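This report describes the fold shown below, beginning with how its strands are joined. The central part of the sheet comes next, followed by the cores, the disulfide and the loops.

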Amino acid sequence: MSTFVLDDATFHEEIGSSDLPVLVDFWAEWCGPCKMIAPTLEEISVEHQESLRIAKVNVDISPDIAREFNVMSIPTMIVFRDGEEAARIVGAKAKAALLDELSPFI
């Protein structure tokens, strides 16, 4: 698996120290659309591992991070570049639509 897991303890250090943009997928076990896009995100993480990292934050385990970034619905995916939010994608999307929105970062 190429995606990695972040939590309250590791989030800021990992995001702040990454040389590549990081797409953070805010999700939960009970979220159907989150489960639907997980394989797509895994594919993208493998196909674009040289230009983009993909991390996952379970909002039930790390609610403080979700609150900090005003994640009101899931799935929400936020792209961080140089430790700052650079883009936000809300809702499950097809792979082509995700790649289109991620094109400035890959």
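Two strands are said to pair if DSSP finds at least two bridges between them. The model discussed here is predicted.

## The sheet

Strand 2 (residues 22-27) and strand 3 (residues 53-58) run parallel and are joined by six bridges. Within this pairing, V22 of strand 2 faces R53 in strand 3. Strand 2 is also joined to strand 4 (residues 76-81), here by five bridges and in an antiparallel direction. In that pairing V24 has I78 as its bridge partner in strand 4, and D25 has M77.

The sheet as a whole is open and has five strands in the order 1-3-2-4-5, with mixed pairing. Its edges are strand 1 (4-5) and strand 5 (84-90), each of which pairs on one side only.

Is strand 2 mostly covered or mostly open? Strand 2 is mostly covered, with six of its six residues buried. In a regular strand, side chains alternate between the two faces of the sheet. On one side of strand 2 are V22, V24 and F26, and on the other are L23, D25 and W27; both sets are buried, and both faces of the strand are covered.

## Helices on the sheet

Strand 2, helix 2 (residues 32-47) and strand 3 form a β-α-β unit that is right-handed. Helix 2 lies across strands 2, 3 and 4, and its direction makes an angle of about 165° with strand 2. Helix 4 (residues 95-102) lies across strand 2, strand 4 and strand 5, running at about 155° to strand 5.

One residue of helix 4 is E101. E101 is partly exposed, because its relative accessible area of 33% falls between the limits of 20% and 50%. Not counting residues up to four places away in sequence, E101 touches R88, I89 and K93. E101 is 22 residues from V79 in sequence, and the C-alpha atoms of E101 and V79 are 10 Å apart in space.

## Two nonpolar cores

The largest nonpolar core has 21 residues, and those that touch the most other members are L6, F11, V24, F26 and I74. Two or more residues each come from helix 1 (11-17), strand 2, strand 3, helix 3 (63-68) and strand 4. Strand 2 gives the most to this core, with four residues. A second core, separate from this one, has 13 residues, among them L23, L41, V79 and A87.

What does F26 touch, leaving aside its neighbours within four places in sequence? The contacts of F26 are F11, C34, V57, V59, I65, A66, V71, I74, P75, T76 and I78. This list includes C34, I74 and P75, which return in the next two sections.

## The disulfide

A search of the whole structure finds one disulfide. This bond joins C31 to C34, with an S to S distance of 2.3 Å. The disulfide is right-handed because the torsion about its S-S bond is about 75°. Are its two cysteines buried or exposed? C31 has 4% relative accessibility, which is under 20%, so C31 counts as buried. C34, at 2% relative accessibility, counts as buried for the same cut-off, under 20%.

## Backbone features in the loops

The loop between helix 3 and strand 4 holds P75 and N70. A cis peptide bond joins I74 and P75. N70 has a positive phi and is a residue other than glycine. A positive phi also occurs at D82, again in a residue other than glycine. D82 lies in the loop between strand 4 and strand 5. D82 is exposed, because its relative accessible area of 66% is over 50%.

The table gives the backbone angles for these places.

| Place | Angle | Value |
|---|---|---|
| I74 and P75 | omega | about 0° |
| N70 | phi | near 50° |
| D82 | phi | near 55° |

Key: Residues are numbered from 1 along each chain as its sequence is written. This is a predicted model: local features need pLDDT of at least 70, side-chain atom pairs count only at pLDDT 80 or more; totals for chains, interfaces and linings use all residues. Side-chain values use heavy atoms; hydrogens and water are left out. Buried means under 20% relative accessible area, exposed over 50%, partly exposed in between (1.4 Å probe, protein chains only). A crossover is right-handed if, with the strands pointing away from the viewer, the path from the first strand over the helix to the second runs clockwise. Contact means heavy atoms within 4.5 Å. Axes are lines fitted to C-alpha atoms, for helices over the stretch in contact, and angles run from 0 to 180 degrees between N-to-C directions. A nonpolar core is a set of buried Ala, Val, Leu, Ile, Met, Phe, Trp, Tyr and Cys residues joined through side-chain atoms within 4.5 Å. A disulfide is a pair of cysteine sulfur atoms within 2.5 Å.
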